[in-house]
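Trainee: I have a model open and would like to go through its charged pairs and one loop residue. Can we take it step by step?

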Amino acid sequence: MPPRLPFGQVRNLLIQGHIIRRMSSQHKVYVTRPDVDDSGLELLRKSCQVSTWHETNPVPRSELIRVVAGKDALYCALTDKVDKEVLDAAGPQLKCVATISVGYDHIDVEECRKRGIRVGFTPDVLTDATAELTLALLLATNRRLFEANKQVYNGGWKSWAPMWMCGQGLKGSRVGLLGFGRIGQEIAARIVPFKPTEITYTTRSLRPKEAAAVNARHVDFDEMLRESDLIVVCCALTPETKEIFNATAFQKMKPNCILINTARGGVVDQKALYEALKTKRILAAGLDVTTPEPLPIDDPLLKLDNVVILPHIGSADIETRKEMSRITARNILAALAGDKMVAEVEL
């Protein structure tokens, strides 16, 4: 007969066995960034096995394909391309892909639909933060703030001069919005106090109630190009909007027109934009999004004085990013439980 183990040792073995069985039954979640706010990760850790990429730069694709195998959910970001290859590597048990962003063009949603994989995103929480940043970028570009700031440091500031560093005012201008969803509406509401002559918007569908709130008028794309002093891009990247701002579009714009893009870099043909800015076909541009991201430091756009470029910080408000982390986690937990997500992409 084998020797009897002390009660305490038996108890420890039973507890360990329970923990092992419990962990084996937990859902497995892979998080592609370690630098998301921990409040979201803590929600996941309460009931899931969570593993995370360990560096504060995008997970290499080869690593993502390796570690996603066997996971039940993927917590990703705009920097992660989630396509058929990644989904194949994950396996048939993958139930959810949740991105900590409002955009989801980095996810092959059609492939997810075919496999019954639910897709979560964070659309509403970053509306105000993005609208605020858009207005800041618009004003910085319109009034040449970055260009003027450089003169303080490079010796260009000699004295006050009547017409030196003059920009355009928002008052009396015509502002066009490509896209009039939640963010577009909030941008328009923030522009109204600056007393523009008119706000117009271009969308596939009319939004009369929302437009009335800011006294905006629906126009087609060509009219917006021809008549606007300022054009703000706040639409999704789709096959219809991809590089919609191309050489042809820039030719139709007024020479004093300023283009602001805080939506997706792919909406603008950047080579055509560079030529339009260099030749003064349009006055200036302000970009929070580019293709690629980050923009290479030798990109020709960075050599121009009439462009302001930011490193995709539209939603970079502390509380906003915290809530985005929590929503992404709640989307995953809901999908794993078969419940309604906070925000789910319609497949």
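Mentor: We will start with the salt bridges and then turn to a loop residue and a domain record, keeping in mind that this is a predicted model.

Trainee: How many salt bridges are there?

Mentor: The count comes to 25 salt bridges, and one of them joins E198 to R217, with the closest N and O atoms 2.7 Å apart. That pair links distant parts of the chain, since E198 sits in strand β7 (residues 198–202) and R217 in strand β8 (residues 216–218), 19 residues apart.

Trainee: Is E198 buried or exposed?

Mentor: E198 counts as buried because its relative accessibility is 18%, under the 20% cut-off, whereas R217 is partly exposed at 35%.

Trainee: And which residues make up a salt-bridge network?

Mentor: K84, D88, E111 and R115 are joined into one network by salt bridges that share partners. Within it, D88 pairs with K84 at 3.0 Å between the closest N and O atoms, and both lie in helix α4 (residues 84–90), four residues apart, or about one turn of the helix.

Trainee: Switching topic, where is I244, and what does it touch?

Mentor: I244 lies in the loop between β9 (230–233) and α11 (247–252), and, leaving aside residues up to four places away in sequence, I244 touches L178, F221, A249 and V267. I244 and D269 are 25 residues apart in sequence, with their C-alpha atoms 7.4 Å apart in space.

Trainee: Which domain does UniProt list for residues 135–314?

Mentor: The unreviewed UniProt entry lists "D-isomer specific 2-hydroxyacid dehydrogenase NAD-binding" for residues 135–314, and in the model that stretch is 31% helix and 16% strand, with its end C-alpha atoms 10 Å apart.

Conventions:
Residues are numbered from 1 along each chain as its sequence is written. This is a predicted model: local features need pLDDT of at least 70, side-chain atom pairs count only at pLDDT 80 or more; totals for chains, interfaces and linings use all residues. Side-chain values use heavy atoms; hydrogens and water are left out. Helices (H or I, at least four residues) and strands (E, at least two) are DSSP runs, numbered from the N terminus. Contact means heavy atoms within 4.5 Å. UniProt positions are given in the numbering used here, feature names are shortened, and annotations may be inferred rather than shown by experiment. A salt bridge is a side-chain nitrogen of Lys or Arg within 4 Å of a carboxyl oxygen of Asp or Glu. Buried means under 20% relative accessible area, exposed over 50%, partly exposed in between (1.4 Å probe, protein chains only).
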